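Q: I am new to this structure and would like a close look at one part of it.

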Amino acid sequence: MFRCKRLLLKVFLLAVIAVLLVPINAPINAPASAQSSCTPDSPCEIEVWIVFTDHRLDWALERANEFMARHPEYKVTITPQESYFTLLDSYALAAEQGTTPEIAQVFEVGTQFVLDAGFFKPVNQIIAGRDEILGEPVNFEDFIPVIASYYSIEGEWASVPWNTSTPILYANMNLLRQAGLDAPLPKTWQELDAACAELQPLVDNGTITGCWTMSFESWLFEQWLAQQNAELVNNGNGREGRATEVNLTSDGAIAIAQMVKDMYSKGYFVYTGVRDDFRGSVQVFSSQQAAFMINTSAAAGSVAATAAESDIEILADRMPYNADVGWTGNIIGGATMWVSDGLDPAVEDGALAFLLFFSNTENAASWHQVSGYVPVRQSAVDLLEQQGWYEENPNYLIASEQLADSQITPATRGAVLGTFSETRHLITQALENGMLTGGDVGEYMAAAEREANVLLEDYNLLFVD
Amino acid sequence: MYVIPPILIVALAALVGAIWLVYRFRKHALSPVLGAVLGVSAGVVGALMFMWPLNFCTFERERDQMDLAIGLVLIFVGTVLCLTAASNLARRVLRRERTPDSDETHPGAFQGASAKVTAAVLLLPTLVVLALFLYLPMFETFRLSTQLARLGAPRTRFICVTHFTRLFSDTNYIQSAVVSLGMAAATVFLAISLSLLIATMAYRPIRGGRIYRTLLVWPYALSPVVAGIIFKLLFNPAAGVLNHYLQLIFGFQVPWLLDRTIAPWIVILAGTWNIMGFCILVYIAALQNVPAELEEAAAIDGANAFQRFFRITFPLLSPYTFFLLVTTTTYAFFDTFGLIDNLTRGGPLKSTSTLMYQVYVVGVEGRDLGRAAAQSLVLFLFVVGLTLFQFRASRGRIVYGA
């Protein structure tokens, strides 16, 4: 018995050692054998990574099923990821192991990084002059110009637009009327400030916490910068050549930091206390603790839902601008769909065909209705108008109009830089420092600029030959 | 191209090593020649330990004063480490030779010719796991900390100790170190003292004692992330439970997470609440092991309850207190990350941005692997230093066994 036990032990130990010694670098996913054609019997797989996990994921799954019904030779799987950041990081790690999905949703901030890393193939090169892919028409001229100008790099389409948004102003009309205010809503910082002064009695008697709120994030800073036609980085905002310097001390940048600080110290701006707190800011507005909110147009859906629930009237208008400088235009936010590089031609065509279907007129319109994101195609806007959607939901039109009226300059095309996400952290930190301490906002912005420049220099050392 | 030629540095380290070991060997009546040979080699190895992989880059002309200083410190540390190891090892080996009868056999030790092989085989799985998941990543961290490296970048670039010099001149980082230390100290003190207080009450055989004890330990079963969410629900300044009732009853609100003097205390409170269950568990078990006779004897001698607690019970608990000191310190430095990420994200004004949270911000959010590696090394040394200090400071004050 004892011997038997010892033998068992030895066998067990050997097994453990054998398992541990299995080569760790063995390829887990060997590249699939080159498939020259996809058939309904053996469909080619197209994996799509997106960042939505709610009803927006359901919408994407429905489109995938519709696409598979049209093209049974492809099998589309949609894999949700936690956030834009994690999606991009997972993609970078997957790229090292050669297990990337065929399509990934990348946010605007990641554009330079994915271009530098060479993860994806520009869709222009896949189209190669064709006007339809597997029966799905290519009509990129139909995309709204400001969206087109953001996502075309050196005049070339790199990706297919999907979810695009722009910040707008939301107003709780019930609260405004209590203070004797009504439409039109404030168009500028200065008018917002004046409206806040009118709302102060409501703050004093404890009805609301403050006048307005926003998600405290760099994206809104960038928007206000673009409105004043000020560039965030050099070399045509990184569009004409690689950005080498970040500019956070321009008059426009300082004006924004000062405005936020002034609004906060007067008690007008309600800060949730956490940076990048989208949910918190919506919560403040929905629970009627602030009369105004500046937030992405993609919040329109959830705002409308709470408005219906608590029976309040909510009106939207364009993002207030600095009247001292005037309004040039707004940048877009959101993400686009990218096709991985190095795919088999048949798979590549399938992936692109899916994206073309995904963003066609009907789908762009229904996506807008489901999510509140801007319809990315002019034809989708026309379709929605025909259906009378905007008459019933005027708030949804604001974002489209704001983008359509935007003048296209390097500033409103939006910055492109490799260290965008880190720079964003530095910007929000500097804004917070300026707002919460007695110090000079210019000093904080200058400090953030210095740090951002070191990061950008490091980045360029690694990515530029 | 070097400020100080590498060969000179190595020679100097070798000389220092030789002198030191000859002196030590003389003192212990061992051969000075052997000491000299050993000292020279230990000095050379010590100097090269960090400088070989770094290629003596800190002594290059284009580096600044700070780099040079770090280089000298590294050589000093390497040489001291190697010399201490060599001197201790030599003394042990030479002593054993002189006393051949020191054939100690512990009961339960492996016996026989194949004993060493069996032991090695049994240890192998653990060693392999340790090597793969602990030592290898650690060496990689050392390597990365000297590189410009980013996730997804096509290449890395060697930049010597620039990451470290930048850290030491970064006021934000120094502030972060102060924040970490302060918050850890407060969390550890609160957690240990409160749980000792609670445990002294809860360990007694009272009616329903088991239920109380289970309830007391419960918070420990929650991960810091969940604890963070719970405290966020309570202390959210805009829509939290606490402010809701404050407004309702007293008509005012407190900017819990907005104020840079209050916010760290909320994190400390959440951390204390989260880890206290563990401390209570340990203290209850410990208190049940304190012999009742001692306390009875003291009571008969006329010692009052306070005297009995501070003169008898507390000293007897010292090994457990020390254990808790080390574990809660580690918790406060590393595991509060989940709390902070949910409660404050390091804000407001970086008042809750601990060293651990900084590593996350730089390495994960910023994808700056090199800088994050340097920061995590500094954090590692920080905690190791703190633990060593705790061991030193508590030496002789801990009573094991009654």
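How many residues does the largest nonpolar core have, and which of them have the most contacts inside it?

A: This is a predicted model, in which local features need pLDDT of at least 70 and side-chain atom pairs pLDDT 80 or more, while totals for chains, interfaces and linings use all residues. Residues are numbered from 1 along each chain as written, chains are lettered from A and ligands numbered from 1 in written order, and side-chain values use heavy atoms, without hydrogens and water.

The largest nonpolar core (buried Ala, Val, Leu, Ile, Met, Phe, Trp, Tyr and Cys joined through side-chain atoms within 4.5 Å; buried is under 20% relative accessible area, 1.4 Å probe, protein chains only) has 160 residues. Trp212(A), Phe221(A), Trp224(A), Leu232(A), Phe292(A) and Phe354(A) have the most contacts inside this core. Helix H14(A) (a DSSP run of H or I, at least four residues; strands are E, at least two) gives the largest share, 10 residues.

Beyond four places in sequence, Phe221(A) is in contact (heavy atoms within 4.5 Å) with Leu232(A), Leu248(A), Ala253(A), Ile256(A), Ile427(A), Leu431(A) and Met445(A). A second, separate core has 66 residues, including Phe56(B) and Trp256(B).

Helix H14(A), residues 345-358, also lies across S1, S2, S3, S8 and S14 of chain A, at about 50° to S1(A) (between N-to-C axes fitted to C-alpha atoms, on a scale from 0 to 180 degrees, for helices over the stretch in contact). These five strands form an open sheet of mixed pairing (at least two DSSP bridges between strands), in the order S2-S1-S3-S14-S8. Strands S2 (74-80) and S8 (160-165) of chain A each have a single partner strand, so one side of each has no neighbour in the sheet. Strand S1(A), residues 44-50, pairs with S2(A) in the parallel sense over seven bridges; one bridge joins Glu45(A) to Lys75(A).

Terms used:
Buried means under 20% relative accessible area, exposed over 50%, partly exposed in between (1.4 Å probe, protein chains only).
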